[in-house]
Amino acid sequence: MRRWASDTFYASMAYVVASFLTFEVLMPLQNVFFPEYPSRASLLFLPHGVRVLSAWLLGWRSIFALLPGVFLVFAFLGGADVFLPSRLLAIAIAVTTVPAVFYLFKWVGWDLFPRADRNPCWSCVMGVGIITSFLVSGLTNMAFGSARAEYVAFLIGDISGLFFLMLGLYFTLRLIDSRS
(Lines give C-alpha, C1' and ligand atoms only; values in the text may rest on other atoms or scores of the structure.)
Protein backbone atom coordinates (compact mmCIF):
# COMPACT_ATOMS: atom_id res chain seq x y z
CA MET A 1 0.00 0.00 0.00
CA ARG A 2 2.88 2.36 0.80
CA ARG A 3 4.35 1.83 -2.67
CA TRP A 4 0.98 2.63 -4.30
CA ALA A 5 0.78 5.84 -2.30
CA SER A 6 4.35 6.76 -3.21
CA ASP A 7 3.82 5.99 -6.93
CA THR A 8 0.61 8.03 -6.93
CA PHE A 9 2.18 10.97 -5.12
CA TYR A 10 5.23 11.20 -7.38
CA ALA A 11 3.46 10.51 -10.69
CA SER A 12 0.62 12.92 -9.96
CA MET A 13 3.01 15.54 -8.60
CA ALA A 14 5.17 15.25 -11.73
CA TYR A 15 2.04 15.65 -13.88
CA VAL A 16 0.89 18.72 -11.93
CA VAL A 17 4.36 20.32 -12.04
CA ALA A 18 4.70 19.61 -15.78
CA SER A 19 1.23 21.08 -16.32
CA PHE A 20 2.08 24.15 -14.24
CA LEU A 21 5.24 24.72 -16.28
CA THR A 22 3.30 24.24 -19.50
CA PHE A 23 0.33 26.50 -18.71
CA GLU A 24 1.94 29.12 -16.50
CA VAL A 25 5.41 29.46 -18.07
CA LEU A 26 5.52 28.00 -21.59
CA MET A 27 2.06 29.05 -22.79
CA PRO A 28 2.59 32.75 -21.93
CA LEU A 29 5.92 32.58 -23.80
CA GLN A 30 4.18 30.88 -26.71
CA ASN A 31 1.61 33.66 -26.78
CA VAL A 32 4.38 36.29 -26.89
CA PHE A 33 6.28 34.63 -29.73
CA PHE A 34 3.23 33.40 -31.66
CA PRO A 35 0.46 35.94 -30.92
CA GLU A 36 -1.43 35.03 -34.11
CA TYR A 37 -1.52 31.32 -33.21
CA PRO A 38 -5.26 30.60 -32.90
CA SER A 39 -5.19 27.42 -30.81
CA ARG A 40 -5.30 27.29 -27.01
CA ALA A 41 -3.15 24.14 -27.09
CA SER A 42 0.46 24.20 -26.01
CA LEU A 43 3.09 23.55 -28.66
CA LEU A 44 5.29 22.09 -25.90
CA PHE A 45 3.04 19.92 -23.70
CA LEU A 46 5.30 18.41 -21.02
CA PRO A 47 2.58 16.34 -19.27
CA HIS A 48 2.49 13.89 -22.20
CA GLY A 49 6.07 12.99 -21.36
CA VAL A 50 5.03 12.35 -17.76
CA ARG A 51 2.24 10.07 -18.98
CA VAL A 52 4.61 8.10 -21.21
CA LEU A 53 7.37 7.73 -18.62
CA SER A 54 4.87 6.84 -15.88
CA ALA A 55 3.25 4.16 -18.05
CA TRP A 56 6.67 2.81 -19.02
CA LEU A 57 7.83 2.62 -15.40
CA LEU A 58 4.58 1.65 -13.65
CA GLY A 59 2.62 -0.21 -16.31
CA TRP A 60 -1.12 -0.38 -15.61
CA ARG A 61 -0.54 1.13 -12.14
CA SER A 62 0.15 4.43 -13.90
CA ILE A 63 -3.59 4.77 -14.55
CA PHE A 64 -4.28 5.07 -10.84
CA ALA A 65 -1.04 6.93 -10.11
CA LEU A 66 -1.76 9.67 -12.65
CA LEU A 67 -5.51 9.96 -12.12
CA PRO A 68 -5.40 12.40 -9.16
CA GLY A 69 -2.93 14.68 -10.92
CA VAL A 70 -4.79 14.63 -14.23
CA PHE A 71 -8.08 15.33 -12.46
CA LEU A 72 -6.55 18.24 -10.52
CA VAL A 73 -5.16 19.79 -13.70
CA PHE A 74 -8.49 19.41 -15.51
CA ALA A 75 -10.28 20.92 -12.50
CA PHE A 76 -7.81 23.82 -12.36
CA LEU A 77 -8.26 24.55 -16.05
CA GLY A 78 -11.99 23.91 -16.36
CA GLY A 79 -13.43 24.44 -12.90
CA ALA A 80 -16.74 22.67 -12.38
CA ASP A 81 -16.73 21.73 -16.08
CA VAL A 82 -14.37 18.91 -15.08
CA PHE A 83 -17.52 16.85 -14.42
CA LEU A 84 -18.88 17.27 -17.96
CA PRO A 85 -18.97 13.94 -19.83
CA SER A 86 -16.50 15.22 -22.45
CA ARG A 87 -13.99 16.20 -19.73
CA LEU A 88 -14.36 12.91 -17.87
CA LEU A 89 -13.86 11.06 -21.14
CA ALA A 90 -10.74 13.15 -21.86
CA ILE A 91 -9.38 12.29 -18.40
CA ALA A 92 -9.97 8.59 -19.06
CA ILE A 93 -8.24 8.89 -22.43
CA ALA A 94 -5.29 10.71 -20.87
CA VAL A 95 -4.61 8.06 -18.23
CA THR A 96 -5.42 4.84 -20.13
CA THR A 97 -4.11 5.24 -23.68
CA VAL A 98 -0.37 5.12 -23.02
CA PRO A 99 -0.34 2.04 -20.76
CA ALA A 100 -2.72 0.31 -23.18
CA VAL A 101 -0.26 0.81 -26.04
CA PHE A 102 2.68 -0.43 -23.95
CA TYR A 103 0.68 -3.58 -23.10
CA LEU A 104 -0.42 -4.01 -26.70
CA PHE A 105 3.24 -4.04 -27.73
CA LYS A 106 4.03 -6.51 -24.96
CA TRP A 107 1.16 -8.73 -26.11
CA VAL A 108 2.57 -8.88 -29.65
CA GLY A 109 6.01 -9.81 -28.29
CA TRP A 110 7.76 -6.47 -27.91
CA ASP A 111 8.15 -5.93 -24.17
CA LEU A 112 9.45 -2.40 -23.66
CA PHE A 113 8.96 -2.21 -19.91
CA PRO A 114 12.17 -1.65 -17.92
CA ARG A 115 14.03 -4.69 -16.64
CA ALA A 116 17.26 -4.99 -14.66
CA ASP A 117 18.83 -7.36 -17.19
CA ARG A 118 18.74 -4.93 -20.16
CA ASN A 119 19.25 -1.29 -20.99
CA PRO A 120 16.18 0.79 -21.77
CA CYS A 121 15.35 1.39 -25.43
CA TRP A 122 14.79 5.13 -25.26
CA SER A 123 13.96 5.43 -28.95
CA CYS A 124 11.31 2.71 -28.43
CA VAL A 125 9.80 4.65 -25.51
CA MET A 126 9.83 7.77 -27.69
CA GLY A 127 8.15 5.77 -30.47
CA VAL A 128 5.38 4.66 -28.13
CA GLY A 129 5.02 8.28 -27.05
CA ILE A 130 4.60 9.38 -30.67
CA ILE A 131 2.05 6.64 -31.40
CA THR A 132 0.08 7.47 -28.27
CA SER A 133 0.24 11.16 -29.14
CA PHE A 134 -1.66 10.43 -32.34
CA LEU A 135 -4.21 8.39 -30.39
CA VAL A 136 -4.59 10.78 -27.44
CA SER A 137 -4.82 13.83 -29.69
CA GLY A 138 -7.41 12.25 -31.95
CA LEU A 139 -9.51 10.77 -29.17
CA THR A 140 -9.36 13.93 -27.04
CA ASN A 141 -10.38 16.11 -29.96
CA MET A 142 -13.29 13.78 -30.68
CA ALA A 143 -14.34 13.97 -27.02
CA PHE A 144 -14.22 17.77 -27.10
CA GLY A 145 -15.57 18.11 -30.64
CA SER A 146 -12.57 20.30 -31.54
CA ALA A 147 -11.42 21.45 -34.96
CA ARG A 148 -8.66 19.76 -36.96
CA ALA A 149 -6.24 22.59 -36.13
CA GLU A 150 -6.57 21.64 -32.47
CA TYR A 151 -5.64 18.04 -33.31
CA VAL A 152 -2.46 19.18 -35.03
CA ALA A 153 -1.61 21.50 -32.14
CA PHE A 154 -2.15 18.72 -29.57
CA LEU A 155 -0.04 16.38 -31.68
CA ILE A 156 2.85 18.85 -31.98
CA GLY A 157 2.63 19.70 -28.28
CA ASP A 158 2.62 16.07 -27.15
CA ILE A 159 5.56 15.01 -29.30
CA SER A 160 7.71 18.05 -28.57
CA GLY A 161 6.83 17.89 -24.86
CA LEU A 162 7.83 14.23 -24.68
CA PHE A 163 11.07 14.90 -26.56
CA PHE A 164 12.13 17.84 -24.40
CA LEU A 165 11.10 16.14 -21.15
CA MET A 166 13.14 13.05 -22.08
CA LEU A 167 16.05 15.24 -23.15
CA GLY A 168 15.93 17.11 -19.85
CA LEU A 169 15.73 13.85 -17.92
CA TYR A 170 18.68 12.46 -19.88
CA PHE A 171 20.90 15.45 -19.07
CA THR A 172 19.76 15.52 -15.45
CA LEU A 173 20.63 11.84 -15.00
CA ARG A 174 24.01 12.37 -16.69
CA LEU A 175 24.71 15.28 -14.36
CA ILE A 176 23.79 13.20 -11.31
CA ASP A 177 25.88 10.31 -12.59
CA SER A 178 28.92 12.54 -13.19
CA ARG A 179 28.77 13.85 -9.61
CA SER A 180 28.67 10.34 -8.14
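1. Pocket definition before anything else: on a 1 Å grid over the protein atoms alone, a pocket is an open set of points where a 1.4 Å probe fits, with protein on both sides within 12 Å along at least five of seven lines, and lining residues have an atom within 4 Å of a point. Grid points are joined across faces, edges and corners, and a volume is the space filled by probe spheres set on the points. By that recipe the second largest pocket comes out at about 420 Å³, and the largest pocket at about 730 Å³.

2. Some ground rules. This is a predicted model, with local features needing pLDDT of at least 70 and side-chain atom pairs counting only at pLDDT 80 or more, while totals for chains, interfaces and linings use all residues. Residues are numbered from 1 along each chain as its sequence is written, and side-chain values use heavy atoms, with hydrogens and water left out.

3. Now the largest pocket. Its lining has 23 residues, and F23, R40, L77, F144 and F154 lie nearest the centre. Which helices each supply at least two residues of that lining? They are α1 (2-33), α3 (61-78), α4 (85-107), α5 (122-144) and α6 (148-179). Helices here are DSSP runs (H or I, at least four residues), numbered from the N terminus.

4. The chemistry of that lining: 14 nonpolar, four polar and five charged residues. For the classes, Ala, Val, Leu, Ile, Met, Phe, Trp, Tyr, Cys and Pro count as nonpolar, Asp, Glu, Lys and Arg as charged, and the others, Gly among them, as polar.

5. Back to the second largest pocket. It is lined by 14 residues, with A14, L53, S54, L57 and L169 nearest its centre. Helices α1, α2 (46-58) and α6 each give at least two lining residues, and the largest share, six residues, comes from α2. By class, this lining holds 11 nonpolar, two polar and one charged residues.

6. On the outside, have a look at the nonpolar surface patch formed by F9, Y10, M13, V17, F20, L21, V25, L29, V32, F33 and F34, which together have about 1,100 Å² of accessible area. Patch members need over 30% relative accessible area and no salt bridge, and nonpolar side chains (Val, Leu, Ile, Met, Phe, Trp, Tyr) are joined within 5 Å. The areas come from the Shrake-Rupley method with a 1.4 Å probe, and for residues only the protein chains shown count as cover. Take V25 as one of the members: V25 sits in helix α1 and is partly exposed, at 37% relative accessible area. (Buried is under 20%, exposed over 50%, partly exposed in between, with a 1.4 Å probe and protein chains only.)

7. How many salt bridges does the structure hold? Four, counting a side-chain nitrogen of Lys or Arg within 4 Å of a carboxyl oxygen of Asp or Glu. One of them joins the side chains of R51 and D158 (3.8 Å, N to O). This pair links distant parts of the chain, R51 in helix α2 and D158 in helix α6, 107 residues apart. Are these two residues buried or exposed? R51 is buried at 4% relative accessibility, and D158 is buried too, at 3%.

8. Another salt bridge brings together the side chains of D7 and R3 (3.7 Å, N to O). The two are four residues apart in helix α1, so about one helical turn separates them. D7 is buried at 16% relative accessible area, whereas R3 is exposed at 56%. R3, D7 and R61 are also linked in a salt-bridge network.

9. D117 and R115 have a salt bridge between their side chains as well (2.9 Å, N to O). D117 is exposed, at 59% relative accessible area, and R115 is partly exposed, at 41%.

10. A few spot checks on C-alpha distances, if you want to compare with your own script. S62, in helix α3, is buried at 1% relative accessibility; S62 and F102 are 40 residues apart along the chain and 11 Å apart in space. M166, in helix α6, is buried at 12%, and 18 Å separates M166 from G59, 107 residues away in sequence. T96, in helix α4, is partly exposed at 33%; T96 and L84 are 12 residues apart along the chain, with 18 Å between their C-alpha atoms.

Note on methods
Patches are made of residues with over 30% relative accessible area and no salt bridge: like charges are joined within 9 Å, nonpolar side chains (Val, Leu, Ile, Met, Phe, Trp, Tyr) within 5 Å.
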